[in-house]
Amino acid sequence: MDIFLKLKNLDRRWVYVFVALSVILPMVFKFELPIYPGKAVMGVYNTIDTLPEGSRVFLSFDFDPAAESELGPGATAIFVHMFRRNIKPIVGCNWPVGNEIAEKCLTEAKKIHLDTYDSYLNNNKLVKNCIREPKNGTDYVILGYKPGGIIHVKNLCTDFMGPYPQDKDGTPTVNMPIFKTASGNRFSMNDIALIISYTAGTNGIESFISVEGDHKRPMAAGCTSVNIPRFTTYLQTGQLVGMIGGLPGAAEYEKLVDHKGEGRAGMAPQSIAHLIIMIFIILGNLAFIAENRKVSKSKLKKE
């Protein structure tokens, strides 16, 4: 037990060194740990994978750069999946800078789709009418940020053109092919096949859940790791069809779309760092037990 007593007095700088190495070495040698998609991520993937071609999906970017490292990779992977399935993403934002992040993720997804298009086509992994280069206003659109939270979401339930008369670039939305309806009525949530919110705080997926009675659309969420326990409740109640939780969820979705992005690249450093921290916690507790035993033995000898 003496070795544990010595560890109790270990200079804390050694802990920082081990944690730093656990992050740096996997990044330098670029090895990958096995990734197995879970039920929550499969729920999102299977829902999108079974939507009819041409379906419109509303994606709300409700986060800022502080959460981009966790939510951005998953959003990019979903865009790739949609392009391969000929699903049309309609992007809005309840957070001011979500607009720029959405554009970045969409641009990256278009590049991935274009780079892999021929190989996927040759292997019959694309739907019949899959577009090689999706076009703005026809195959996707970024509408931009609108304030209001729940009130804004409630307005979208009956009419998209009211809150969004133009997209983020100022192009009128009323004549965009992506908003055409078979009935000729105004485009509303009734024309959306799925709602996905990438949430880092307030005015995220819970805003859509709050007005579920108005839109009655299936919903999914992408969230930061710290929010996973909170949103798991909505999975259990069936209010969400699936969830992409933090960087692990992003890595799982990248695995499903066969893309090695930032999600999969970040799992080895994150997992090994967590393992090192757990080891030090266990050693610290063993040192505590060893110290208590030594004190108890000393008291017994004195008695």
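# Close-up views of a predicted model

**View A. Lys-8 is partly exposed, with a relative accessible area of 42%.** Here buried means under 20% relative accessible area, exposed means over 50%, and partly exposed lies in between, as computed with a 1.4 Å probe on protein chains only. The structure is a predicted model, in which local features need pLDDT of at least 70 and side-chain atom pairs count only at pLDDT 80 or more, whereas totals for chains, interfaces and linings use all residues. Residues are numbered from 1 along each chain as its sequence is written, and side-chain values use heavy atoms, with hydrogens and water left out. Lys-8 belongs to helix H1 (residues 2-8), where helices (H or I, at least four residues) and strands (E, at least two) are DSSP runs numbered from the N terminus. Leaving aside neighbours within four places in sequence, Lys-8 is in contact (heavy atoms within 4.5 Å) with Ala-287 and Glu-291. The C-alpha atoms of Lys-8 and Ile-35 are separated by 35 Å, with their positions 27 residues apart along the chain.

**View B. The protein as a whole has 11 helices and six strands.** Its C-alpha trace spans about 90 × 45 × 30 Å along the principal axes. Of the 303 residues, 46% count as buried. Among contacts between residues at least 6 apart in sequence, 74% join residues at least 24 apart.

**View C. Helix H3 (residues 39-49) has Val-41, Gly-43, Val-44, Tyr-45, Thr-47 and Ile-48 as its buried residues.** What covers these buried residues includes helix H4, strand S4 (194-199), strand S5, strand S6 (242-245) and helix H10. Glu-252 lies in helix H10 and, not counting residues up to four places away in sequence, touches Ile-35, Tyr-36, Pro-37, Gly-38 and Val-41. Glu-252 is buried yet has no salt bridge, and the nearest side chain of opposite charge, Arg-264, is 11 Å away; for this purpose Lys and Arg count as positive and Asp and Glu as negative, while His and the chain ends are not counted.

**View D. Salt bridges, 11 by the rule used here, include pairs that tie helix H4 to helices H3 and H5.** A salt bridge is taken as a side-chain nitrogen of Lys or Arg within 4 Å of a carboxyl oxygen of Asp or Glu. The side chains of Asp-49 and Arg-85 meet in one of these, at 3.9 Å from N to O. Asp-49 lies in helix H3 and Arg-85 in helix H4, so this pair ties together parts that are 36 residues apart in sequence. Asp-49 is partly exposed, with a relative accessible area of 29%. Lys-104 and Glu-68 also meet through their side chains in a salt bridge, at 3.0 Å from N to O. Because Lys-104 lies in helix H5 (residues 98-122) and Glu-68 in helix H4, this pair likewise ties together parts that are 36 residues apart in sequence. Glu-68 counts as buried, at 19% relative accessibility. Lys-168 forms a salt bridge with Asp-169, in which the closest N and O atoms are 2.8 Å apart. Salt bridges that share partners join Glu-103, Lys-168 and Asp-169 into one network.

**View E. The largest pocket holds about 180 Å³ of space.** On a 1 Å grid over the protein atoms alone, a pocket is an open set of points with protein on both sides within 12 Å along at least five of seven lines, a cavity is a set of points where a 1.4 Å probe fits but cannot get out, and lining residues have an atom within 4 Å of a point. Grid points are joined across faces, edges and corners, and a volume is the space filled by probe spheres set on the points. The lining of the largest pocket includes Pro-26, Phe-31, Lys-260 and Arg-264. Helix H2 (12-29) and helix H11 (262-302) are the elements that give two or more residues to this lining, and H11 gives the most, with four residues. By class, the lining has six nonpolar, one polar and four charged residues, where Ala, Val, Leu, Ile, Met, Phe, Trp, Tyr, Cys and Pro count as nonpolar, Asp, Glu, Lys and Arg as charged, and the others, Gly among them, as polar.

**View F. Two cavities of 30 Å³ or more are counted.** The largest cavity has a volume of about 50 Å³, and its lining includes Met-82, Phe-83, Lys-88 and Asp-139. The second largest cavity has a volume of about 30 Å³. Its lining draws its largest share, three residues, from H4 and comprises, by class, five nonpolar, three polar and one charged residues.
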